[in-house]
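Could you walk me through this structure, one selection at a time? I have it open in a viewer and would like to know where to click and what is there.

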Amino acid sequence: MTALRRELVIADPEQMAALAHEVAGSLTAGDVILLTGELGAGKTTFTRGLGHALGVRGAVTSPTFVLARTHPRLDAAQPPLVHVDAYRLSSAVELDDLDIDFDRSIVVIEWGAGLVEELTDSWLSITIDRPRGASDDSDAEGPDDEEPIEPRRVTIDGVGPRWQ
């Protein structure tokens with residue numbers, strides 16, 4: 001049996017949200033998603049779409065300064081979405097110190113490569129590659145204060161027994 005693997009191109013933020021809605025349909029308590037991509041790649045856009053699909057209360061925002069945010073669901077009987085920004089963490093011990101209830105939550109971890117592997121044996125790895133250099137084009141369409149929308153290459157890999 002082979003692990004889940006999928007590669008696709010996402011044209012815009014709406015398609016990123018649609019992908020998150022699709023992924024949300026297969027998530028249960030105890031699932032971990034590892035989001036990898038440079039700044040502006042679409043990690044938080046994906047997580048917002050996931051939160052919307054899961055029916056969380058309130059807006060999903062980046063947890064950069066608080067490290068982790070728990071988003072309860074409108075249906076309190078459903079597992080909450082926990083959104084983690086591990087950028088400033090240097091070890092799995094620091095991630096573990098956040099005291100996240102992995103077993104009873106759906107956990108999304110940005111910047112967690114090299115950390116999540118020590119905390120769980122299964123996760124869904126989603127890598128978002130943003131094209132480089134296109135936003136340097138002075139002829140790009142769009143207002144001067146906005147970068148043009150560029151397609152993202154997304155790779156989804158299921159790791160461990162949960163995703164076999």
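**Stop one: an arginine at the surface**

Start by selecting Arg104, which is exposed, with a relative accessible area of 61%. Its salt-bridge partner is Asp101, and the closest N and O atoms of the two are 3.6 Å apart. Asp101 counts as partly exposed, at 33% relative accessible area. Keep in mind throughout the tour that this is a predicted model.

**Stop two: the whole chain**

Now zoom out and colour by secondary structure. You should find three helices and seven strands in the protein chain. Following the sequence from its start, the order is β-α-β-α-β-β-α-β-β-β. The chain has 164 residues, and 41% of them count as buried.

Switch on a surface if you like: the accessible surface comes to about 9,000 Å², with carbon and sulfur atoms making up 49% of it. Contacts are worth a thought here too. Taking those between residues at least 6 apart in sequence, 66% join residues at least 24 apart.

**Stop three: strand β1 and its charged partners**

The salt bridges in this model number six. To see another of them, select Arg5 and Asp157, whose side chains meet with an N to O distance of 2.5 Å. Arg5 sits in strand β1 (residues 5–10) and Asp157 in strand β7 (residues 152–159), so this salt bridge ties together parts that are 152 residues apart in sequence. Add Glu7 to your selection as well: Arg5, Glu7 and Asp157 are linked in a network of salt bridges.

Next, move along to Arg6. Here the salt bridge is with Glu22, and the closest N and O atoms are 2.3 Å apart. This pair links strand β1, where Arg6 lies, with helix α1 (residues 13–24), where Glu22 lies; the two residues are 16 apart in sequence. Both ends can be checked on the surface: Arg6 is partly exposed at 33% relative accessibility, and Glu22 is partly exposed at 45%.

**Stop four: two rings**

Which residues form the one aromatic pair in the structure? Select Tyr87 and Trp111 and show their side chains; they are arranged edge-to-face, 5.1 Å centre to centre, with 70° between the planes. Tyr87 belongs to the loop between β4 (81–85) and α3 (92–96), while Trp111 belongs to the loop between β5 (106–110) and β6 (123–129), so the pair ties together parts that are 24 residues apart in sequence. Tyr87 counts as exposed, with 57% relative accessibility, and Trp111 is partly exposed at 28%.

**Stop five: Ser122 and its surroundings**

For the last stop, go to Ser122, in the loop between β5 and β6. Is Ser122 buried or exposed? With a relative accessible area of 7%, Ser122 is buried, because the cut-off for that is under 20%.

Show what lies around Ser122. Setting aside neighbours within four places in sequence, its contacts are Val32, Val159, Gly160, Pro161, Arg162 and Trp163. Zoom in on Arg162: the Ser122 side chain reaches the backbone nitrogen of Arg162 at 3.0 Å.

Before you leave, display the side chains of Arg162 and Trp163 together. The charged end of Arg162 sits over the Trp163 ring, 4.1 Å from the ring's centre.

Note on methods. Residues numbered from 1 in each chain as written. Predicted model: local features only at pLDDT ≥ 70, side-chain atom pairs only at ≥ 80, totals over all residues. Heavy atoms only, no water. Helix = DSSP H or I, 4+ residues; strand = E, 2+ residues; numbered from the N terminus. Buried < 20%, exposed > 50% of the residue type's maximum accessible area, 1.4 Å probe, protein only. Contact = heavy atoms within 4.5 Å. Areas by Shrake-Rupley, 256 points an atom, 1.4 Å probe, with all protein chains shown as cover. Salt bridge = Lys/Arg side-chain N within 4 Å of Asp/Glu carboxyl O. Phe/Tyr/Trp six-rings, centres within 6.5 Å; stacked < 30°, edge-to-face > 60°. Lys NZ or Arg CZ within 6 Å of the ring centre and 35° of its normal. Polar contact = N/O pair within 3.5 Å; in protein donor to acceptor, adjacent residues only side chain to side chain.
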